[in-house]
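User: Could you take me through one part of this model slowly? I would like a close look at the salt bridges, please.

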Amino acid sequence: MSIHANELRPPKGATHNRKRLARGNSAGGGTYAGKGLKGQKSRSGSKIRLGFEGGQMPLIRRMSTLRGFNNKWRVAYQPVNTGALQERFEDGSEVTPESLRSAGLLRHLREPVKILARGELTRPLNVHAHRVSAAARARIEGAGGTVTLIEDAGNETAAEE
């Protein structure tokens, strides 16, 4: 005999009828109707939003100012792996941020590009990027390609390399 989801019932005694409050003291729910005495939560229409602490700065807002260090000068790079270059480009191709964008490897051209060394590379490619890891440079040059760093006007760190 199999049981189906529509035949499931809670065990006997597990569910109770809701207590009908404020129907007089003999019914057991009159006077304050289980709400205690005065205060915001005893009033009718009382709804306190989630996280409200009576006007005190809520925990969720206090914690956001305490969490870690946020470097406002950090430059976020879009990573591209050498294995992806192997799959998407032919021998001797020019790999630029624009060609990476058209190949579907970049979401946009607003952030600089960094080439990383995950994946094999056997094709000779001419790579133009803002940054290249040392291992990726070794793989590109080992395959017979060249690496050229792009000097970005708004990015002084790339020009230092």
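Analyst: Happy to! Let's start in helix H4, where the side chains of Glu141 and Arg137 meet in a salt bridge, with 3.8 Å from N to O. This is a predicted model, so please read each distance as a computed value. Glu141 and Arg137 are 4 residues apart in helix H4, which means that about one helical turn separates them. Glu141 is partly exposed, at 42% relative accessibility, and Arg137 is partly exposed too, with a relative accessible area of 28%.

Why can such pairs form? Side chains of opposite charge can pair when their charged atoms come close. The count for this model comes to 3 salt bridges.

Another one joins Asp91 and Arg123, whose closest N and O atoms are 3.2 Å apart. Asp91 sits in the loop between helix H2 (82-88) and strand E2 (94-95), while Arg123 sits in the loop between strand E3 (113-116) and strand E4 (126-129), so this pair ties together parts that are 32 residues apart in sequence. Asp91 counts as exposed because its relative accessibility is 52%, and exposed means over 50%. Arg123, at 22%, counts as partly exposed.

There is also a salt bridge between Arg62 and Glu53, with 3.3 Å between the closest N and O atoms. Arg62 is partly exposed at 31% relative accessibility, and Glu53 is partly exposed at 30%.

How values were computed. Residues are numbered from 1 along each chain as its sequence is written. This is a predicted model: local features need pLDDT of at least 70, side-chain atom pairs count only at pLDDT 80 or more; totals for chains, interfaces and linings use all residues. Side-chain values use heavy atoms; hydrogens and water are left out. A salt bridge is a side-chain nitrogen of Lys or Arg within 4 Å of a carboxyl oxygen of Asp or Glu. Buried means under 20% relative accessible area, exposed over 50%, partly exposed in between (1.4 Å probe, protein chains only). Helices (H or I, at least four residues) and strands (E, at least two) are DSSP runs, numbered from the N terminus.
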